[in-house]
Amino acid sequence: MAFAVHFAASMLACWLTAQVLAASRWTWRAPRVAIVCWQAVGLALGLSAIGLPMASGLAAYDRPTGSALLALASDLGHGTLPAGMGAAQLGLVAIGFGIGGVLLATTVRSVHATVRAQRRHRDLLTLVARRDPTVPGALVLDHPSAAAYCLPGVRPRVVVSAGTLDLLDRAELAAVLTHERAHAQERHDLVLLPFTALCRALPWFRWVRDAHERVALLVEMRADDKARELHAEASLAGALRRFAACRDRITPVGALGVGDRDLDVRVQRLMLADRPPRVLGATALAVAATLVALPVSLFLN
Amino acid sequence: MTRLGDLERAVMDVLWDSVPAASGGVTVREVADALDGRELAYTTVMTVLDRLAGKGMVQREREGRAWRYRAAASREAHIAQLMLDALDLGGSRDAALVRFARSVTGTEADVLRAALGAQAGRTDRVDDPRAGRARRADEATDR
């Protein structure tokens, strides 16, 4: 039973860490560290969710979950089960495998759907987007709405709409393009993927969606940081403000869309030139490593 | 851009820009003739049209012994579709794109969706100020 308690403690630790991460503001100064921490929490939580029912079912073996599973497999092969291994215990082990299967299947489905959507999008871009000398290396869509995005992949595409070209000046546009290229280079789509998959698997849990939103915001901040390495902060902040303002101009009062608060947060963040919190960051990474090591060590022993 | 992507684009431009809206589509020969400057083999044009039909970009109907092809949707409808994706209004739950920021209002979203719904085929692009800009798109190339 001690191992089941281990997994339960690990889940609790994950939940607590997620609460702290969600409430912390230092994460905005070190988005990359925070992203790694979120991923560690997600991974540890998934493994613990698989391990908890398994370890409960395998209590009779009184060994770490990994070797207990091996012992169960060989016992099943010989057709003899130790005392205390009944249908209920086998059922718990099956539930553990079931959770693992669902998590894996959801991730595969999510990847599949994403790749298909990206291929479709890429095909359409090939047919209707154009190059423009004002934005070298990017594609332009002739549409008056303002949008700037990155289609990730092995051969990524950075796309801006004609509305964006009208909205931003040269310096702002350059900052936005660097921001988009950072998304492409660092494969932020893959960073977000596990969280998107988790939202698919557990759509009724609010905190899963919250975690997804936090990571999405951190990814934007990370790309903002890459952009401000090359461009003046004022350009990037200006671009963000213009996006926010043109939205305000057209939108009637109280009809703001998703992610609006995030825009303001990002602008404010660019105004402050804080150093990344080294000690806090290192502590957070150590906690994250421990979180992952706990369930992994139980499976490997 | 791959040569194939380039060809697909050129063929779609013919279907969008040179085919009268009322006509029932064009034959492979007519497309090949319109792409005169490129000196493409008839079979090449046919292959490209087949690929486009496979992707759902082109519809075809048999007429006697030949197929007649026409664009499945207008250029504007495709752009509207891409913008819906870009502005995260497409209803997809997957992270297919990573966005800088989006600026969109309820009205804009309705207009985009209407553009998709209404556009079964070609539209009259004469009044559309963006059409000229889009038509210059031929020079656009890909990585």
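This is a short talk about a predicted model of a complex, looking at one helix in chain A, then chain B, then the core.

Hi everyone, thanks for coming. Let me begin with the confidence scores. The predictor assigns the complex an ipTM of 0.73, alongside a pTM of 0.78. For chain B, the average pLDDT is 72, and 58% of the residues score at least 70. Where in chain B is confidence lowest, and where is it highest? The low end is helix α6, residues 129-135 of chain B, with a mean of 38, while helix α3, residues 42-54 of chain B, is at the top with 91. Please keep an eye on residues 120-143 of chain B as well, since pLDDT is below 50 there. Even so, that stretch has 28 contacts in the model beyond near neighbours in sequence.

Now to chain A and helix α1, residues 2-23. There is a nice check on its geometry: at 1.5 Å a residue, its 22 residues should span 32 Å, and the end C-alpha atoms are 32 Å apart, so expectation and model agree. Seen down the axis of α1(A), the buried residues fall within an arc of 155°, which means that they line one face of the helix. Among those buried residues are Phe3(A), His6(A), Phe7(A), Cys14(A) and Leu21(A). On the other side of α1(A) you will find exposed residues, including Val5(A), Leu12(A) and Gln19(A). And what do the buried residues of α1(A) pack against? Their partners are α2 (31-57), α3 (65-78), α8 (206-230) and α11 (278-300), again in chain A.

Over to chain B, then. Its secondary structure consists of six helices and three strands, and along the sequence they run α-α-α-β-β-α-β-α-α. Chain B has 143 residues, of which 36% count as buried. If you take contacts in chain B between residues at least 6 apart in sequence, 56% of them join residues at least 24 apart.

Last stop, the largest nonpolar core. It has 108 residues, and the ones touching the most other members are Cys37(A), Val41(A), Val159(A), Val11(B), Leu49(B) and Met83(B). The biggest contributor is α2(A), with 15 residues. Domain 1 (3-71) and domain 2 (75-122) of chain B both give residues to this core, so the core lies between them. To zoom in on Val11(B): leaving aside neighbours within four places in sequence, its contacts are Val31(B), Val45(B), Val48(B), Leu49(B) and Leu52(B). As general background, nonpolar side chains tend to be buried together in soluble globular proteins.

That's my tour, and I'm happy to take questions!

Note on methods: Residues numbered from 1 in each chain as written. Chains lettered and ligands numbered in written order. Predicted model: local features only at pLDDT ≥ 70, side-chain atom pairs only at ≥ 80, totals over all residues. Helix = DSSP H or I, 4+ residues; strand = E, 2+ residues; numbered from the N terminus. Expected span 1.5 Å × (residues − 1). Buried ≥ 20, exposed ≤ 12 C-beta atoms within 10 Å, placed from the backbone. Arc of directions from axis to C-beta. Contact = placed C-beta atoms within 7 Å. pLDDT = per-residue confidence, 0-100. Core = buried A, V, L, I, M, F, W, Y, C linked by C-beta atoms within 7 Å. Domains from an automatic or database assignment.
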